[in-house]
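Trainee: I am new to this structure and would like a close look at a single part. Please take me through the metal site.

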Amino acid sequence: MKKVLLPLLILMVSVATMAQQLPKSPNYQANDRFEQMGTMLPTPNSYRAASGAPGREYWQQRADYDIKAELDDDNRRITGSETITFFNNSPDELKYIWMQLDQNLFKKESIGATSRTGTISEKGMSTSQLEAMNNGRGSSLDPKKEYGYQIAAVKDKAGKALPYTIVNTMMRIDLPVAMKPGTNVVFSVDWSYYITEYYGRSGYEYFPKDGNANYFIAHWFPRLAPYDDVNGWNHKQFLGQGEFALIFGNYKVAITVPADHVVAASGECQNYAQVLTATQKQRLKKAETSKTPVIIVTQAEAEKAEKRENKSPGKKTWIYKADNVRDFAFASSRKFIWDAMQTDVYKDGRKIWCMSIYPKEGNPLWEQYSTRAVAHTLKSYGARTFEYPYPVAISCHSVAGGGMEYPMISFNGGRPEEDGTYSEAVKYGMIGVIIHEVGHNFFPMIVNSDERQWAWMDEGLNTFCQYLAEKEWDFNFPTRRGEPNQITDYMSSDKSVLSPIMSSAENVIGLGPNAYAKPATALNILRETVMGRELFDHAFKEYANRWRFKSPTPADFFRTMEDASGVDLDWFWKGWFYGVEPVDQDLVSVDWFSIDTQNPEIEKELARKEAARRQATISKIRDAQTKGETVVAQDSTMADFYNRYDPYKVTDADRQKYEQYLAGLSESDKELIQNNTNFYTLSLKNKGGLPMPVIVKMEFEDGTDSVATFPAEIWRFNDQEISKVITTNKKVTQWTLDPYFQIADIDTENNSFPRIAKPTRFQLFKQQQLRRAPNPMQMQGAGAGKISSDPKN
Ligand SMILES: [Zn+2]
């Protein structure tokens, strides 16, 4: 609409609020929210390309492990010996090697323990809380035990002792001769430690009723720290919150446990022939072709074992092999029930073992859902990234809540009541956590980001994929993280408790919302609102495949998402990943303009109505009701021309003038006029600070509606206040910003124009609060579902 005439034709017919340019805020500063990221990202080089792909000289280290370990069930202790072949694929000479001693987190002098803060509550504290405050390491440690590693020996290939220095949770081994690029070194470490009670990542769970413990063993052997092109040696201390930075390698692990234990581990078991009974082997064979999980160790068998009728069962050694993994974990107990099935055949002809290991306390939920959730996760994530490359995926039931991931194996919560009933929250929490932890195989076990530095790179991407997989499980899945309106409470918190997503995992306040929910939500918004599903899915898949079995940094992710999609997202990364500002768009006002048709039949009638409206003052209305006689009414000689004159009557002169006007108009001008086009000017404020697309729903007077979307770049000239003209043929009765909750707007009350009063319902009488309400299954007397565990073989 570039008609020169147009501005002259527009006449304001109704003013919703006074139209005026909003004043600039006194502290208005140059808007750099849409400037490119420039030096915020590292300069690309031959190791990491400007496209976000691995560079032409990309390299990474490798360490192969041969581990022999024994679990001492009576003393809750593990003793091991490992031979490591470390390959120096870097272009640098290395005089020493750094290893991670994560178990040293539980030593009294660890930074994790001594840096713990807290105060004594006057309201009272439990002895375990006081104990936690005292030893700084959590309440579950036995004060009589020395936790952390006892390093018995560090030796070279020939068995000669190598000098080493322990620095809290890290150990430096000095090499007699510096490693040249392209060479490898073989050395061994002997060690042992007391296993802690399960603390969220690993440990044992003790069952007082039967006197047994389930073991979930992880970050259990000294591991190579990464040496890479970004950090050199990556030896940031383990303080407990930040997870792991690791390198790939091939593992051979022999685990000796009491003979009545069942073991599950990262990798493929090499000696089921020796460790399983004939019946168990038959069941496993059956599971190879079954479409549903097959029980390998039944609940009856597990319950028999936990009675410990065989006081000295002897020992068994389970041998595993895992190739191209960044870690190795295992679980062991005589309480374990075990079920298994295989996936459909992959394109490359492989089938993946999906398995679950759980004590009877997990049933009936675990038998019904766990292995199927594992299989669903591999399928859902595989479609967005790449086909799962490992031979097995195992879900173990650790303790009641939470979960923890390792290659091919994860430890997950979700436990029914003792009567076998469970709440909806426990059921969906369990399925959700299994999807999440099995999903971690993709991020960070295969797309191997540095978890200790960037929690969001694995947790955020994984939580996003989890959100999608949950909706694929059930459209009504009560997803906890991913929907924009689920992050608004966090984003509207006081700035003092907000850290940018781009913060070190050990320092982040509120790890859950910061590293899981906010990045997952940001990715969902990119997919649904900024990029669209097709472009997003293409770029996300490209990222996963570029960095499969490699180690990406944040810049590699940011660059790949733009490189593969062709969408400039620098403003988005700055706002969502580097900033803590929330989104709050305010629809301040809407001004309505329509074209003056200049048709006297229309315009004079409108003018008459407007004049009548303005005449209707309260005095005039009351005067008319009193019907008092006026001078002019009583005496007709007091009237003249002006008492009869109707200024709104259409005259021949008016008609003639209109004919002339019409003759001068183009066809498109005539069309605009005939369609009764309405012009609206929306005045918007960016109150939150984080610029986002403007999405506005228009409800028309005929009951229909429509939605207009404008990209975030609408804020690029002024990121505080803008005006936007919207043209429609129908009159708009109601305007609503972000009608489908797409942009995480923290205050939706300023999203409508005219403003809508929000109803608040309150209760007159405080409802009686039950301390612990029974779950709905208990209230309705529903059975817990049968616990079959009874394969017919
Ligand atoms: Zn996670």
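Mentor: What follows describes the zinc site, from its donors to their place in the chain.

This is a predicted model, in which local features need pLDDT of at least 70, side-chain atom pairs count only at pLDDT 80 or more, and totals for chains, interfaces and linings use all residues. Residues are numbered from 1 along each chain as its sequence is written, and side-chain values use heavy atoms, with hydrogens and water left out.

The zinc ion is coordinated by NE2 of H436, NE2 of H440 and, listed twice, OE of E459, at 1.9 to 2.7 Å. Donors here are N, O and S atoms within 2.8 Å of the metal (3.2 Å for Na, K and Ca); water is not among the atoms, so the site may look incomplete. In sequence, the donor residues follow the spacing H-x3-H-x18-E. H436 lies in helix α8 (residues 424-439) and E459 in helix α10 (residues 455-473), 23 residues apart, so this pair links distant parts of the chain. Helices are DSSP runs of H or I with at least four residues, numbered from the N terminus.

The arrangement is irregular because the 4 donor atoms subtend angles of 54 to 154 degrees around the zinc ion. Four donors count as tetrahedral if all angles lie between 85 and 135 degrees; four count as square planar and six as octahedral if opposite donors are over 155 degrees apart and all others between 65 and 115; anything else is irregular.

H436 counts as buried because its relative accessibility is 7%. E459 is also buried, with a relative accessible area of 1%. Buried means under 20% relative accessible area (1.4 Å probe, protein chains only).

Technical notes. Helices (H or I, at least four residues) and strands (E, at least two) are DSSP runs, numbered from the N terminus. Buried means under 20% relative accessible area, exposed over 50%, partly exposed in between (1.4 Å probe, protein chains only).
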